[in-house]
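Here is a short set of exercises to work through with the model open beside you. Try each task before reading its solution.

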Amino acid sequence: MEYWDIYDKDRNFTGKKKGKYEKWNEGEYHLATEGWIINSKKQILVQQRSDKCEILPGVWALTTGRVISGETTRQGCVRELREELGITVKEEDCELAGTFNTRLGMIWDIYFVRKDVELSDIVLQEEEVARVKFVSTDEFRQMLKEGTMYEYEEIYDLLDAIDNKLD
């Protein structure tokens, strides 16, 4: 079974761990990570979740995962990109772009990874990912508008950061 470290809302480690399917109490949080692969054209690699996924099947999203016990969110980002897409990056390639707490009890760290990747080199974890593609920030926003991309409040600030700050 996969175990997750338990934190309070201020990211203080409580010293406890819980299994993936154990009951969570109010005020308990665990770490999650999301990796945005951004190429030199400022295009973002997005993935369509497999229809086999328990959560959000068939929805377009970013590479996201929960951080296993003893792992940092950067290490989790590196692991998730390797597991889901076969993309190898180093921890130092992961630039923290934002952190927020979700109402689902997660402390979520978002990382930008500047990397040119060929779609033909990607190896999909088929139980998690159906397909991938690169999109511009405008195409990403259109997918959000259409409801085909998983949307959360902070995603617009992240897109703005790509448009305005990444060179």
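**Exercise 1. Work out which way the side chains of β4 point, and whether they are buried or exposed.**

Solution. Start with the two sides of the strand: Ile44, Val46 and Gln48 point one way from β4, while Leu45, Gln47 and Arg49 point the other way, and all are buried. Buried means under 20% relative accessible area, exposed means over 50%, and partly exposed lies in between (1.4 Å probe, protein chains only). The count for the strand, residues 44–49, agrees: 6 of its 6 residues are buried. Strands (E, at least two residues) and helices (H or I, at least four) are DSSP runs, numbered from the N terminus.

A word on the model before going on: it is predicted, so local features need pLDDT of at least 70 and side-chain atom pairs count only at pLDDT 80 or more, whereas totals for chains, interfaces and linings use all residues. Residues are numbered from 1 along each chain as its sequence is written, and side-chain values use heavy atoms, leaving out hydrogens and water.

**Exercise 2. Find the strands that pair with β4.**

Solution. Two strands pair if DSSP finds at least two bridges between them. Take β9 (residues 129–135) to begin with: β4 pairs with β9 in the antiparallel sense over 6 bridges, and Val46 has Lys133 as its bridge partner there. Next comes β5 (residues 60–61), which is also antiparallel to β4, over 2 bridges. In that pairing, Gln48 stands opposite Trp60.

**Exercise 3. Describe the surroundings of Thr63.**

Solution. Locate Thr63 in strand β6, residues 63–66. Thr63 is buried, with a relative accessible area of 3%. Now list its contacts (heavy atoms within 4.5 Å). Not counting residues up to four places away in sequence, Thr63 touches several residues, including Thr33, Gly35, Gln47 and Leu81. With Gln47 there is also a side-chain to side-chain polar contact of 2.7 Å. A polar contact is a pair of N or O atoms within 3.5 Å; within protein, one must be able to donate a hydrogen and the other to accept it, and residues adjacent in sequence count only if both atoms are side-chain atoms.

**Exercise 4. Compare the pairings of β8 with β3 and β7.**

Solution. β8 spans residues 106–114, and 8 of its 9 residues are buried. On to β3 (residues 30–38), which runs parallel to β8 and is joined to it by 9 bridges; His30 stands opposite Met106. β7 (residues 94–101) instead runs antiparallel to β8, with 7 bridges, and Asn101 has Ile107 as its bridge partner. β7 and β8 form a hairpin with 4 residues between them, and Gly105 in the turn has a positive phi of about 80 degrees.

**Exercise 5. Which helices do the salt bridges of Arg141 tie together?**

Solution. A salt bridge is a side-chain nitrogen of Lys or Arg within 4 Å of a carboxyl oxygen of Asp or Glu. Asp160 meets Arg141 at 2.7 Å, N to O. Asp160 lies in helix α3 (residues 155–164) and Arg141 in helix α2 (residues 137–146), so this pair ties together parts 19 residues apart in sequence. Arg141 also meets Asp163, at 2.9 Å, N to O. Asp163 lies in α3 as well, so the second pair ties together parts 22 residues apart in sequence. Finally, check exposure: Arg141 is partly exposed at 23% relative accessible area, and Asp160 is partly exposed at 34%.
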